Amino acid sequence: MFGGGGMFGAYEAGVWSVLRDRVEFDLAAGASIGSINAWAAASDCPGEEWVREWLRPETGSLLRWRLPRSPLGGCLDRASFEGGIQEIHTRLKPLKPCVIAITDVLRRRPRAVVTPDVEWRHLAASCALPGLFPLYRIDGRLSMDGGLLGSVPLWAAVEQGATTIVAVNLLPSGGPWWLRVSRQALLSLAHPGAPAPAGTRVLWIEPDRPLGSARDAMVWTQANAERWIEMGRRDATRALQTF
């Protein structure tokens, strides 16, 4: 289970480079940037290949900023963002089930989409943070960031019958203050996914300190990506020693 956190997702690439050859899994699930990493994991993308993907300068070009043209359009250039998502969706093909968490805006409910029904628009919608990323209409329903009701939506894996979950949490402290406030406000009106039932075994992999600032999460730099990847490798190796 890969959680959300923008460019902090490089940490999850480091985690995957360790997990891929050491953990047998039945499915991959993710929300927000974690949906992209889950797509790679479900496709059995070699760990070092996915690390190289995160170190490519083109990864940073996915987030090209601009003035929004409409309230729902977001501050990102839609063409570059969608082009990158479509390329990943086309190039990588899941060999195991991939579960993508999105949030239904009007119903204020989380929703899981499972392969083979996952299209590139589901991956894009799972990353759609209001005001920053463009929102999407999925099956006629306005959809946004699948991690907004919880950065690591365990419910998405539990719905598919998972009883043992390796969960990567990029924001153990809840993220920046504005995200914590927004999430609490939304949770007061929303219907979050059901909690993991008793007996579910969860191995948490998370950094022991904040990965960076809100700006770091939105602006790619190679130095940050390299640092987060190594932190992910280290923390995954440590966590597996207790698993």
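Which residues is Trp-54 in contact with, leaving aside its neighbours within four places in sequence? I looked this up in a model that is predicted, and I found contacts with Gly-6, Met-7, Gly-9, Ala-10, Ala-13, Ile-33, Asn-37, Thr-59, Trp-220, Ala-225 and Ile-229.

**Cores.** I then turned to the nonpolar cores, of which the largest has 64 residues, and I noted Trp-54 among those with the most contacts inside it, together with Tyr-11, Leu-19, Ile-36, Trp-50, Ile-205 and Trp-228. A second core, separate from that one, has 13 residues, including Met-1, Ala-29, Val-152 and Trp-155.

**Helix H10.** I checked the length of H10, whose 19 residues should span 27 Å at 1.5 Å a residue, and the end C-alpha atoms are indeed 27 Å apart, so the two values agree. Among the residues of H10 that I found buried are Asn-224, Ala-225, Trp-228, Ile-229 and Asp-235. I recorded that the buried residues of this helix pack against H1, helix H3 (47-55), strand S7 (201-205) and helix H9 (214-218).

**Aromatic pairs.** My search of the whole structure gave 3 aromatic pairs. In one of them, Phe-8 and Trp-228 meet edge-to-face, with 5.0 Å from centre to centre and 90 degrees between the planes. This pair links distant parts of the chain, since Phe-8 lies in the segment before helix H1 (9-19) and Trp-228 in helix H10 (residues 222-240), 220 residues apart. I found both Phe-8 and Trp-228 buried. For Trp-120 and Tyr-136 I noted ring centres 6.4 Å apart and planes at 85 degrees, so this pair too is edge-to-face. Trp-120 belongs to helix H6 (residues 120-126) and Tyr-136 to strand S4 (residues 136-138), so the pair ties together parts 16 residues apart in sequence. Tyr-136 is buried, with a relative accessible area of 0%, while the ring of Trp-120 has the charged end of Arg-121 over it, 5.8 Å from its centre.

**Salt bridges.** I counted 14 salt bridges. Asp-104, which is buried at a relative accessible area of 4%, forms one with Arg-107, where the closest N and O atoms are 4.0 Å apart, and another with Arg-141, where they are 2.8 Å apart. Arg-141 lies in strand S5 (residues 141-145) and Asp-104 in strand S2 (residues 98-104), so their bridge ties together parts 37 residues apart in sequence. Arg-141 itself counts as partly exposed, at 25% relative accessibility. I also noted a salt bridge between Arg-234 and Asp-235 (2.9 Å, N to O), and one network in which Glu-53, Arg-56, Glu-58, Glu-87 and Arg-91 are joined through shared partners.

Conventions
Residues numbered from 1 in each chain as written. Predicted model: local features only at pLDDT ≥ 70, side-chain atom pairs only at ≥ 80, totals over all residues. Heavy atoms only, no water. Phe/Tyr/Trp six-rings, centres within 6.5 Å; stacked < 30°, edge-to-face > 60°. Helix = DSSP H or I, 4+ residues; strand = E, 2+ residues; numbered from the N terminus. Buried < 20%, exposed > 50% of the residue type's maximum accessible area, 1.4 Å probe, protein only. Lys NZ or Arg CZ within 6 Å of the ring centre and 35° of its normal. Core = buried A, V, L, I, M, F, W, Y, C linked by side-chain atoms within 4.5 Å. Contact = heavy atoms within 4.5 Å. Expected span 1.5 Å × (residues − 1). Salt bridge = Lys/Arg side-chain N within 4 Å of Asp/Glu carboxyl O.
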